Amino acid sequence: MTGELIGQVERLAEQAEQADGDDGIDTSSIDGVAAGRIADLGAARDCFWAGGLLEFADDAPRIHRLMHITDSVDVCIRYIPRLVCHHTNNHPPHPSTLTSPQHLLRHPTQLPNKTYLTNPLTYSLATMESSPLTMFKLLLPKLPFICKIALLHTLSLSENATKWDLRTELTIEIVRQMLGPTAKQQSITKQQWLTTKDPGVKGRVWVSKVKCEVPGEDDLRQILFKAIEDMGGENEGGCGKDMYTPPDAVPLEAEWNGYRGGVSENEPEPAGLSEKEKYENLMKEVQSRVTLLYFHGGAMYLLDPATYRPVTSKIAKATGGRVFSVRYRLSPQNPFPAALLDALTAYLSLLYPPPGTPHNPIPASEIIIGGDSAGGLLATALLQTILQIHRTNPSKTVKFNGKDVEIPIPAALALTSPWLDVTRSLPSIESLRKYDYLPPPSQTYHMNYPPCSAWPVDPPRADLYCEGSALCHPLVSPLAAKDWTSSPPIFFSLGQEMLRDEDAVLARRISFQGGKIVWREFEAMPHCFAMMLESLEASRLHFLELGAFCKIVVEKPLDVRASACLVTVKSLVMREVNVERLIELTDGEVSIMMREGRERLERRAYAIGRENKEVVDWLATLARPPYLTHFFVDLFYQYPLQSVAITKQNPSNHSSDDFIVFKDQANVVSQSELVFQSWNTPDTCPAATRLSERELNQVLGSATSALGHNLVQQRIDGVKIHIFPMPSILSR
């Protein structure tokens, strides 16, 4: 079986090499069928790694080639350390030349720069692949769980049986289990690869891709950095340049999306059209002056405008307008404020089109800034940036593409389940989990992503999106912003979800300061329900309400009226509520909770970093020869140690003479979960008895069988290191 799988990969590599002459696979040039074949190999990765490396242990070129192939498609990215393989050089490099385990073990290979989408709904499905076979394999082990949920719902014994239909309950429960603490976690880069794949353009959507070059001047960056630093005082400790890395300006990529009527869901886009011609066709079907500047969701590190075409198409249909969907830079590779700079650039590019763009200047009175989840965070942060510029810059202007231009306030904001508090500290984040599928902080606090090239970073960072010290900055967590005067009308649509409290606090605060709030809270609905549960009448009502708001804001702005409603489940009766009484928490209590949340996340990051340092110091006393120390140091700085057991085993009597156990707040981890064993050669440890090849293979076989998971073997000049990544560790 293993040989057959490896043969498939090698044959596919040969096809790719014949096509582009590169060594290995360039995933950007692989067609969908080939990419699917590689993805299917992921289901057998344990067999590949447990048997493949040993089977070809004496074939160094072939192993290096296989490692290069599988790395380029990101098949084995979750292992610890990432892609540790058989080292074939009898003379390892000096530690001064090494920067990571990959450099020590083999030549580095580049992860694919172009990535693709598999599921277009929401970032909660980031760990799902979309092929029927993959879905079948995914759901088959869950069949008893599915039957149990169905039975409890049918007997009205489940917690939400009176509020959800069976389809809703099954969907949410399955996704909840997939994202929970018992699920096997995937690395950041693996999730990004899965959730940014472009499926192509088909169906009821027009797509015209746009790329705006970097402005010749640096004024826009500097005005953003000034706003960040001026608002640092609200962050209780400031946010100077030492608290964030100023991002470079990069070309802005986006898509114009519009509704395409009169075609089937699988109708391909017309062939042979230029991007300008596609835009012209899009504009022929536009029925209103609404332009929505849209930011997709994805927790600031997932998804893409290609992911959101089904969503933006519905928005375009509901509003009768067009959608400018922005490909903002993702974390953790591009932390705060890179995405915010992209958002500000996108807004000015609508107002003052750069050369080569197909649209004419769009007045601010016709631009609505929108987004869902993390996209809602970016939309509100962008509005707060614009308001800050108005507060501190009397001219309200900036030089953009050679001209002094004004930065006006947009017509409105349209927010769907916006994420406003990166610290995740308000009560509903735990108390309303019964209606949601997202894991609460009580679970995620003890979960770690498997290490990859993107995460963790060095030096350690408390959050994927930003430094720990910036978590409460108003442009990182807009909930922390106090001044919202002069805000345009803002539309909120959300469920009774975990983010409900932070949304309610901001809506009340803006209303107190004179802003017009249109609040639509859907009873017993989860996060971004309209994108996940498309068949529900509540989902259709969401798009109708959003579309009506956008049309009236642009076409009849004087007719906009503040309103707040709780939409009852199933019956969809809209009951009026007082927006200023949506929540009892005071602003002072909210600030305290956010500060405590920030401190909690910083403590966690510090604890992980401290444990890493302790392990590195301890291993440094064991490592022989010296270059082995560097390998250990890099390895442990990559892996966020929170609960790991480590053993140094004496090869002469197989007894443990050094033993360390790290534990988290929940429990002490058993010794078998992650074991590092090193056998030294007689030259480096004269009293040692080196294991024979037969004895070594017995150890490998029994460990693989007992642990039920992959075992990766690494040899460095006679020193054998065995790494056992257990599911309980990988799911943390």
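What share of the contacts in the protein chain with a separation of 6 or more comes from residues 24 or more positions apart? The share is 78%, where contact means heavy atoms within 4.5 Å.

This is a predicted model, in which local features need pLDDT of at least 70, side-chain atom pairs count only at pLDDT 80 or more, and totals for chains, interfaces and linings use all residues. Residues are numbered from 1 along each chain as its sequence is written, and side-chain values use heavy atoms, with hydrogens and water left out.

**View 1. The protein chain as a whole.** The protein chain has 23 helices and 17 strands. Helices (H or I, at least four residues) and strands (E, at least two) are DSSP runs, numbered from the N terminus. Of its 732 residues, 58% count as buried. Buried means under 20% relative accessible area, exposed over 50%, and partly exposed in between (1.4 Å probe, protein chains only). The chain exposes about 29,200 Å², and carbon and sulfur atoms supply 53% of that area. Accessible areas come from the Shrake-Rupley method with a 1.4 Å probe; for residues, only the protein chains shown count as cover.

**View 2. An open sheet of 10 strands.** The strand order is 1-2-4-3-5-8-9-10-11-12, with mixed pairing. Strand 1 (205–212) and strand 12 (574–576) are the edge strands, and each pairs on one side only. Neighbouring strands of this sheet are turned by 20° against each other on average, direction ignored. Two strands pair if DSSP finds at least two bridges between them. Axes are lines fitted to C-alpha atoms, for helices over the stretch in contact, and angles run from 0 to 180 degrees between N-to-C directions.

**View 3. Strand 3 beside strand 5.** Strand 3 (residues 291–295) and strand 5 (residues 367–372) pair in the parallel sense over 5 bridges. Thr291 has Ile367 of strand 5 as its bridge partner. Helix 12 (residues 309–319) packs on the sheet. This helix touches strand 1, strand 2 (252–259), strand 3 and strand 4 (322–326). Its direction makes about 55° with that of strand 2.

**View 4. Strand 8 and its neighbours.** All 5 of the 5 residues of strand 8 are buried, so the strand is largely enclosed by the rest of the structure. Ala412, Ala414 and Thr416 are buried on one side, and Leu413 and Leu415 on the other. Strand 5 and strand 8 pair in the parallel sense over 5 bridges. Here Asp372 stands opposite Thr416. Strand 8 also runs parallel to strand 9, joined by 4 bridges, and Ala414 stands opposite Phe491. Helix 14 (residues 374–392) lies across strand 3, strand 5, strand 8 (412–416) and strand 9 (490–495). Helix 14 runs at about 145° to strand 5.

**View 5. Two buried residues.** Trp256 sits in strand 2 and is buried, with a relative accessible area of 0%. The C-alpha atoms of Trp256 and His359 are separated by 9.5 Å, although the two are 103 residues apart along the chain. Thr168 belongs to helix 8 (residues 166–179). Thr168 is also buried, with a relative accessible area of 3%. Leaving aside its neighbours within four places in sequence, Thr168 is in contact with Leu533 and Leu536.
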